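Subject: Structure handover and notes

Dear colleague,

Please find the structure below, together with its sequence. My notes on what was found in it follow, and I would be glad if you read them with the model open.

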Amino acid sequence: MDPTTLFGLGISGFTFAIICVSVLCSLVITVAAIAVPIYFYRNNRQRAEQLMAKGTQGEATILSLEDTGMLINNNPRVTILLEIRMPYGAPYQIKKTMTVPLIRLSQVQTGSVVQVMVDMSDPTNPDKVGLLLK
């Protein structure tokens, strides 16, 4: 038996190490490809639930709509400029980037009035404003 082979298989120790590293890297990439989207989905869902629980309902007029050129699950990602009006306080504007389901895109047009939920702890933060599309 040649001393440069591993377990009599004709594989050198260096080649075996390369194979092990490749398998390990593939495993890490696969786990990350599964875990990262699940993390973001759960995080977005929790944020939406918190907004619905402690948010205040108001309305907003869509002042402008821009396509970012990005699609997520064949749904367009857009940047919208909103003028938000709450039951109390002066109207204010925010710019929000969001993914709009194709079936809801007709509701998100320039000049449309939509219902919104706003977390009043930070009402000018776009992440604390959610559109209530029907």
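Two strands are said to pair here if DSSP finds at least two bridges between them. By that rule β1 and strand β2 (residues 75–85) pair, because 10 bridges join these two strands, which run antiparallel. Please keep in mind throughout that this is a predicted model.

Within the pairing of β1 with β2, L71 has P76 in β2 as its bridge partner. The hairpin that these two strands form has two residues between the strands, and in this hairpin N73 takes a positive phi near 55°. N73, which is placed in the loop between β1 and β2, is a residue other than glycine, and its phi is nevertheless positive. N74 also has its place in the loop between β1 and β2, and has a positive phi of about 65° although N74 is not a glycine. As for the surface, N73 is exposed because its relative accessible area is 70%, where exposed means over 50%; N74, at 60% relative accessibility, counts as exposed too.

On from there, β2 is joined by eight bridges to strand β3 (residues 92–99), and these strands run antiparallel. Across this pairing, R77 stands opposite T99 in β3. The hairpin of β2 and β3 has six residues between the strands, and in this hairpin G89 takes a positive phi near 95°.

Strand β1, which covers residues 56–72, also pairs with strand β4 (residues 113–118), in the antiparallel sense and over six bridges. In this pairing, the bridge partner of E59 is Q115 in β4. Strand β4 in turn pairs with strand β5 (residues 129–132), again in the antiparallel sense, over four bridges, and here V118 has V129 in β5 as its bridge partner.

Away from the strands, there is a point about the surface that you may wish to look at. L24, L27, V28 and V31 make a nonpolar surface patch of about 380 Å². One of these residues, L24, lies in helix α1, which spans residues 13–54. Why can L24 be part of such a patch? Patches are made of residues with over 30% relative accessible area and no salt bridge, and L24, with a relative accessible area of 52%, is exposed and therefore passes the cut-off for area.

With best wishes

Note on methods: Residues numbered from 1 in each chain as written. Predicted model: local features only at pLDDT ≥ 70, side-chain atom pairs only at ≥ 80, totals over all residues. Heavy atoms only, no water. Patch = residues over 30% accessible without salt bridge, like charges linked within 9 Å, V, L, I, M, F, W, Y side chains within 5 Å. Areas by Shrake-Rupley, 256 points an atom, 1.4 Å probe, with all protein chains shown as cover. Salt bridge = Lys/Arg side-chain N within 4 Å of Asp/Glu carboxyl O. Buried < 20%, exposed > 50% of the residue type's maximum accessible area, 1.4 Å probe, protein only.
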